[in-house]
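Good morning, colleagues. Please bring the sequence and the structure up on your screens, and I shall go through a few selected regions.

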Amino acid sequence: MGVDTQQTHRPGQWKQQNKSHKHGKHRSKGEIERQSQGRVNLKTLSRRNKQQARKNDRRHQAQQIRKQKRDEVLEKKRNRGSQGSPPHFVVILPLHKDIDCDAVLELLKQCDETAVISRNEQGICHISVPRFKQRLSFFIPEYGNLHAILDAAKIADSLLCLLSPEGAVDSVGEYCISCLYAQGLPAVTFGVQGLKTLNVKKQNEAKKAIQRHIDKRFPSEKFHAIDSSQDALLLLRRITNHKLPPVFFRDNRPHLVAENIEFEIDSEESEVGTLKLSGYLRGRSLSANGLIHLPGWGDFQMLQIDAPNDPHPFNQKLVKDSRKPNGQDVEMEGEKEEVRILEKADPHRQESLQSEVIPDPMEGEQTWPTDEELAEAEKQSKKKVIKKVPKGTSEYQSAWIVDDEEEGAAKDILDGDEDDDDDDEDDIDMEAEDEEDSDGEEASGDEEFETLTMTENNDAERYDENMDMDEERAMLEKLKEEKLHVMFPDEVDTPMEKVARQRFARYRGLKSFRTTLWDPKENLPLDYARIFQFGNFKKTKKRVLMEDADGGALPGWFITVHIANVPREFMESYKPGFPVVMFGLLQHEQKMSVCNYVIKRCGNSRLPIKSKERLIFHAGFRRFSACPIFSQHTNGNKHKFERFLYNDAATMATIYGPIMFPPSPVLVFKEIGTGSHELVATGSLSSVNPDRIAVKRVVLSGYPFKINKRSAVIRYMFFNREDIAWFKPVELRTKWGRRGNIRDSLGTHGHMKCVFDGQLKSQDTVLMNLYKRVFPKWTYNPYVRCPPPICDTGNDDDDDDDEEGEDMQAYQMFE
């Protein structure tokens, strides 16, 4: 046998030993698994279980919240219009003058034989439908009465818009639906009556035309024909099952529409009395210690809240009174239940009507100085002051020499006694007012318009009968001023008869409009001592909305509210059929502050709206008049004041007004010569913030006289040497982008040498920007009279063309 000569190699003592990897304290997952061999650390296991349990708890909590909200929505839908909840309030709105709303209401009343029908003095028709287990209330506002339509829509649960089969919507209907769209619409249903009376060939064309009008604002809605009892019954089912969108300014406050109105007065000589409003309470609970608001009349206190019998019960024989514990039944066949008093106002707990802070006239006054203060003042007066004086001047003579800074300070103190209305004294404004006054005197003295004899058939001459020439001239001047301001924004002429440092004493120069600090508490007007301010407005709003009234009446009850100290003019101006609406106020909502509204011009309105011009505001549930100031809606701590309300951008309107908690829509109207109100802007409440700074800018312009490479001689910006020295620290700019400063004055007639960062062009204009903070005027008035109804003048297209033609004619008069 042979011998195996192969041998296995074995390393010796000189084999290379490599160092192991120094991983520190960190170990990889694989190494941990190898070392643990499947065992799990107790801490890791408990942490995983806690995370998993926490995740399951969050998922379960979310499911519970979702189920709770779903149940609340279903319960609210089931209780809509049932016993214990207010009837489903429906407003029938005609969008064309040829629509017969009474005929539609008769069809709705006769569509179900088992329905119980009742009507009250206010024009509200109640229909109880046992088939649907619901109660409905129908109200028809006056055609073209904008205030009646807006007030009724604030309370309405549904809006039944009726269109004409031939004309669909006229100009009045389009205008009303535009105002309602900006205010906030409830659930909307469209109906058409008389569609089957048309020819078969014209029905399809009418359906397409009606649907086109609906699709402009409501692309997902379809119209329903109302020509038979079956159609009316289907429409009732549609209304009762319609999804109700939230209207936040209404749902967050108690409100009702009056079913019965009584007014008690102590004597015929008294100017105020007690107003009793009966109706179904909606929204939130109402306490007699709170305050209520009547749109167009202001805020009032309550005396008590009564609970009479429900005049329109779901079941006439047996009424289940939800106001009693355990739901006891009350028989109503022979006996009449006495009126129960739910709550009387407690004078110690009742909310006050005080809307303004009473300022202390002695606040901020300086008392007589003490001995220590006199001694300190004497020491300071003995301090040495270094002055530049001519040679040979003694110390006594130098005391009479006034430096330029002291002279400017003394003149500033003297100029500080000017009226606060300086922002209304711009040269453009003064010239416009003077021209308006002079034109008014000439027009009043001219008697040619009164002695003309008119013929009945001469329409061109009869057109001038209703024209007010004074108003035409004033509108023309305002259009000229607006166009001039668009061409030359904020530019004013330096007055030659008045010193510029006195005319613009309240203005200042800013290094940067965006970054320069401006103290919001600096030089506040006296009206700021009368307003209220929140430390944290958002936190206060959250707390107030979460609170609920203690005691009083709950939503769904039929109650009678006794309102104290209502003016007699309320009943004198009241017309039957006009809805009387009442809203309960939240805490602090009767107090005055500085309100900022974001508004934007409407497309149809072309009237020039000037700042500080009287406008009518429909803000949420309030209706009042005020003179706002306009400013740009921008970011930052300063906002540029706007002299006019422009069409192309959102603008902030600032007024002194009562506090409201957003969200709250706002409609802005302007009263024209006929007494009617024209919608000019829409928007919403932005904030209640007195610290918002609106800064007015004026631009002084000058023109190059001599141009050098880096400097130039500028004239016509100032007209004396002292004004140039006064405004020397303010930076200059040009329309072509150059920047510079005033170096020195030349002569005594206002020529000055200026240095720029580049050579000027001969056609360039040198500008100086000056700024001043502006404040609104205290012009809030809660009493707004109702305008006359809107009349339809004919075809929609012709009306639009006429309006645009008149506006364009006014523009072309000065072009």
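Let me begin with strands β5 (residues 158-163) and β6, which run parallel and are joined by six bridges. Helices (H or I, at least four residues) and strands (E, at least two) are DSSP runs, numbered from the N terminus, and two strands pair if DSSP finds at least two bridges between them. Within this pairing, Leu160 has Thr189 of β6 as its bridge partner. Between β5 and β6 the chain passes through α5, in a right-handed β-α-β crossover. Right-handed here means that, with the strands pointing away from the viewer, the path from the first strand over the helix to the second runs clockwise.

A word on the basis of these statements: this is a predicted model, in which local features need pLDDT of at least 70 and side-chain atom pairs count only at pLDDT 80 or more, while totals for chains, interfaces and linings use all residues. Residues are numbered from 1 along each chain as its sequence is written, and side-chain values use heavy atoms, with hydrogens and water left out.

On its other side of the discussion, β6 also has strand β7 (residues 223-225) as a parallel partner, through three bridges. Phe190 stands opposite Phe223 in β7. The chain goes from β6 through α6 to β7, and this β-α-β crossover is right-handed.

How many of the residues of strand β6 (residues 187-192) are buried? Six of its six are, where buried means under 20% relative accessible area, exposed over 50% and partly exposed in between (1.4 Å probe, protein chains only). Ala187, Thr189 and Gly191 cover one side, and Val188, Phe190 and Val192 the other.

I turn to the cavities. Rolling a probe the size of a water molecule over the atoms shows where empty space is left. On a 1 Å grid over the protein atoms alone, a cavity is a set of points where a 1.4 Å probe fits but cannot get out, and lining residues have an atom within 4 Å of a point. Grid points are joined across faces, edges and corners, and a volume is the space filled by probe spheres set on the points. The whole structure holds nine cavities of 30 Å³ or more, and the second largest has a volume of about 120 Å³. Phe190 is among the residues that line this second largest cavity, as are Leu163, Ile177 and His213. Both α5 (171-183) and α6 (200-215) supply at least two lining residues, and α5 gives the most, with three.

Next, strand β11 (residues 291-294). Leu291 and His293 point one way and Ile292 and Leu294 the other, and all are buried. β11 pairs with strand β12 (residues 298-307) in the antiparallel sense over four bridges, and Ile292 has Phe300 as its bridge partner there. Three residues lie between the strands of this hairpin, and Gly296 takes a positive phi near 85°. β11 also pairs with strand β18 (residues 581-584), antiparallel over two bridges, with Phe583 as the partner of His293.

Finally, Pro662 lies in the loop between β24 (651-658) and β25 (665-671). Why does Pro662 count as buried? Because its relative accessibility is 15%. Leaving aside neighbours within four places in sequence, Pro662 is in contact (heavy atoms within 4.5 Å) with Phe537, Lys541 and Leu685.

Technical notes:
On a 1 Å grid over the protein atoms alone, a cavity is a set of points where a 1.4 Å probe fits but cannot get out, and a pocket is an open set with protein on both sides within 12 Å along at least five of seven lines; lining residues have an atom within 4 Å of a point.
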